[in-house]
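Here is a friendly briefing to read alongside the structure. Have the viewer open, and let us go through it topic by topic.

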Amino acid sequence: MVQPPGRGKVAVLVLLLVGAGLYAGMAFSMKVTDQPEFCGGCHVMYEAVRTHQVSPHANLACNECHAPETGVSKIVFKARAGTKDFYQNTLGDVFDVIHTTDKTKDVVNDSCIRCHSMTILNVSEKMVEAKPYCTDCHRSVPHMSKLPISERRVADE
């Protein structure tokens, strides 16, 4: 059976349009779910978002620090973390304080290094060996976590 001329081009065009639509939708959803407004939509995250908004990193999206930078690793990380958070906050115990795991500590540390690489050149290797994570010394920078909750500026809101 002979196909009419141009039918293959139409199929390729349709596939390209569908692919472009999927890519645009995925890029849009990745951008929206990186923002503090999305993260703060869950009541468990309210304090983290508010303390972030008054921090030196307020101009950054949440996932500029809390997810791998780009690519498939970011998609996989966000899907796993989002699924875990949804399950934990819907069917599990809701924690008063959000704790990091080794995996999330590595991701945050990589983000610190990516943005502050020149500063890190001035940190001695002995210090890096003793305290391998940036937050070992700079824990209060993004979310004022060294202050008791009752003393944080958002406590009286």
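A search of the whole structure, which is a predicted model, finds 4 salt bridges. D34 takes part in a salt bridge with K74 and in another with K78, so that salt bridges with shared partners join D34, K74 and K78 into one network. The bullets below begin with that network, move on to a residue that touches it, and then turn to the helices and the surface.

**The salt-bridge network**

- In the bridge between D34 and K74, the closest N and O atoms are 2.8 Å apart.
- This pair links distant parts of the chain, 40 residues apart: D34 sits in the loop between α1 and α2 (36–39), and K74 belongs to helix α5 (residues 71–91).
- The side chains of D34 and K78 also meet in a salt bridge, at 2.7 Å from N to O.
- Here again distant parts of the chain are linked, since D34 is in the loop between α1 and α2 while K78 is in helix α5, 44 residues away.
- Are the members of this network buried or exposed? D34 counts as buried because its relative accessibility is 9%.
- K74 is buried too, with a relative accessible area of 11%, and K78 counts as buried at 15% relative accessibility.
- The cut-off behind these labels is a relative accessible area under 20%, and the 9% of D34 meets it.

**Another salt bridge**

- K84 forms a salt bridge with D85, and the closest N and O atoms of this pair are 3.6 Å apart.
- D85 has a relative accessibility of 37%, so this residue counts as partly exposed.

**Around K74**

- Which residues does K74 contact, leaving aside its neighbours within four places in sequence? They are M30, D34, N63, A67, P68 and E69.
- D34 thus appears in that contact list as well as being a salt-bridge partner of K74.

**N63 and its polar contacts**

- N63 is found in helix α4 (residues 62–66), and at 12% relative accessibility N63 counts as buried.
- Not counting residues up to four places away in sequence, N63 touches T33, D34, K74 and K78.
- That list includes D34, K74 and K78, the residues that salt bridges join into one network.
- A polar contact of 2.8 Å joins the side chain of N63 to the side chain of D34.
- A polar atom of the N63 side chain also lies 3.4 Å from the backbone oxygen of T33.
- Where is V108 relative to N63? The two C-alpha atoms are separated by 9.2 Å, although the residues are 45 apart along the chain.

**Helices and overall layout**

- How many helices and strands does the protein have? Its secondary structure comes to 9 helices and 0 strands, and reading along the sequence gives the pattern α-α-α-α-α-α-α-α-α.
- Among contacts with a separation of 6 or more, 66% are between residues 24 or more positions apart.
- Buried residues make up 17% of the 157 residues in the protein.
- In helix α3 (residues 46–53), the residues V49, T51 and H52 are buried.
- They cover an arc of only 165 degrees around the axis, which puts them on the same side of α3.

**The surface**

- The accessible surface of the protein comes to about 11,900 Å², and 64% of it belongs to carbon and sulfur atoms.
- Which residues form a nonpolar patch on the surface? V10, V14, V18 and L22 do, with about 360 Å² of accessible area together.
- V14, one of these patch residues, is found in helix α1 (residues 7–32).
- V14 counts as partly exposed because its relative accessibility is 44%.

Terms used:
Residues are numbered from 1 along each chain as its sequence is written. This is a predicted model: local features need pLDDT of at least 70, side-chain atom pairs count only at pLDDT 80 or more; totals for chains, interfaces and linings use all residues. Side-chain values use heavy atoms; hydrogens and water are left out. Helices (H or I, at least four residues) and strands (E, at least two) are DSSP runs, numbered from the N terminus. Buried means under 20% relative accessible area, exposed over 50%, partly exposed in between (1.4 Å probe, protein chains only). Contact means heavy atoms within 4.5 Å. Accessible areas come from the Shrake-Rupley method with a 1.4 Å probe; for residues, only the protein chains shown count as cover. Patches are made of residues with over 30% relative accessible area and no salt bridge: like charges are joined within 9 Å, nonpolar side chains (Val, Leu, Ile, Met, Phe, Trp, Tyr) within 5 Å. The arc is that of the directions from the helix axis to the C-beta atoms. A polar contact is a pair of N or O atoms within 3.5 Å; within protein, one must be able to donate a hydrogen and the other to accept it, and residues adjacent in sequence count only if both atoms are side-chain atoms.
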